[in-house]
Amino acid sequence: MSDFLLHDENDTVGVVVADVEQHQAVKGRTLAGKDVPQLKSLSNISLGHKIAIQDFEPGDTVIKYGVDIGKVVKSIKTGEHVHTHNLKTKRW
């Protein structure tokens, strides 16, 4: 079973498909069925929220569904929760 999904192979965040606990080993998969390397969750992450599959620095772009969904405003480590506390839209 997978713990998170990548909707596009170029995504830099995965969508959690069941609640994830901090320090939990999680496995991912693309919608095309390709396995993604296992990683360790650094945060509690709720169903439907995003998990970082790489490290980010402020100003970096986050890709979800194969599109730019915003810029990083606070450093994010692989396995951390990605949400409004560390990611902002570029629209305004």
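## Strand pairing and salt bridges in an all-strand model

D68 has a relative accessibility of 41% and therefore counts as partly exposed. The model in which this value was computed is a predicted one. The side chain of D68 forms a salt bridge with K90, the closest N and O atoms lying 2.7 Å apart. D68 belongs to strand β7 and K90 to the segment after β9, so the pair ties together parts that are 22 residues apart in sequence. K90 is also partly exposed, because its relative accessible area is 43%.

### Overall architecture

The secondary structure of the protein consists of 0 helices and 9 strands. Its radius of gyration is 12 Å, close to the 12 Å that the globule rule gives for 92 residues, so the protein is as compact as a globular protein of that length. The C-alpha trace spans about 40 × 25 × 20 Å along its principal axes.

Of the 92 residues, 37% count as buried. The protein exposes about 5,300 Å², and 49% of this area is supplied by carbon and sulfur atoms. Among contacts with a separation of 6 or more, 49% are made by residues 24 or more positions apart.

### The six-stranded sheet

An open sheet is formed by 6 strands in the order β4-β3-β1-β2-β5-β8, and its pairing is mixed. The edge strands are β4 (35-40) and β8 (81-82), each of which pairs on one side only.

Within this sheet, strand β1 (residues 4-6) runs parallel to β3, with 3 bridges joining the two. One bridge partnership here is that of L6 with T30 in β3. On its other pairing, β3 meets β4 in the antiparallel sense over 4 bridges, and V26 has L39 of β4 as its bridge partner. The hairpin of β3 and β4 has 4 residues between the strands, and G33 takes a positive phi near 95 degrees there.

The side chains of β3 alternate along the strand. V26, G28 and T30 point to one face and are buried, whereas A25, K27 and R29 point to the other face and are not buried. Two residues of the buried set thus recur in the pairing described above: V26 is the partner of L39 in β4, and T30 is the partner of L6.

Strand β2 pairs with strand β5 (residues 50-52) in the antiparallel sense over 3 bridges. In this pairing, V13 stands opposite A52 in β5.

### The three-stranded sheet

A second open sheet is made of 3 strands in the order β6-β7-β9, with antiparallel pairing. Its edge strands are β6 and β9, each pairing on one side only. Strand β6 (residues 61-64) is joined to strand β7 (residues 67-72) by 4 bridges. T61 has K71 in β7 as its bridge partner, while K64 stands opposite V67 in β7. The hairpin that β6 and β7 form has 2 residues between the strands, and Y65 in the turn has a positive phi of about 60 degrees.

Strand β7 is also joined to strand β9 (residues 87-88), in antiparallel fashion, by 2 bridges. In this pairing, V72 has L87 of β9 as its bridge partner.

### Salt bridges

The structure holds 3 salt bridges, which are listed below with the N to O distance of each pair.

| Salt bridge | N to O distance |
|---|---|
| D35 and R29 | 2.6 Å |
| D68 and K90 | 2.7 Å |
| K34 and E9 | 3.8 Å |

The salt bridge of K34 with E9 links distant parts of the chain: K34 is in the loop between β3 and β4, E9 is in the loop between β1 and β2, and they are 25 residues apart. Both K34 and E9 are exposed.

In the pair of D35 and R29, D35 counts as exposed because its relative accessibility is 51%, and the cut-off for that class is over 50%. R29 has a relative accessible area of 33% and so is partly exposed. This value accords with the orientation of R29 in β3, where its side chain points to the face that is not buried.

### A nonpolar surface patch

M1, V17 and L47 make a nonpolar surface patch of about 340 Å². Of these residues, V17 is found in the loop between β2 (13-16) and β3 (25-30). V17 counts as partly exposed because its relative accessibility is 34%.

Methods. Residues numbered from 1 in each chain as written. Predicted model: local features only at pLDDT ≥ 70, side-chain atom pairs only at ≥ 80, totals over all residues. Heavy atoms only, no water. Patch = residues over 30% accessible without salt bridge, like charges linked within 9 Å, V, L, I, M, F, W, Y side chains within 5 Å. Areas by Shrake-Rupley, 256 points an atom, 1.4 Å probe, with all protein chains shown as cover. Salt bridge = Lys/Arg side-chain N within 4 Å of Asp/Glu carboxyl O. Buried < 20%, exposed > 50% of the residue type's maximum accessible area, 1.4 Å probe, protein only. Pairing = 2+ DSSP bridges. Rg over C-alpha atoms; globule rule 2.2 N^0.38 Å. Contact = heavy atoms within 4.5 Å.
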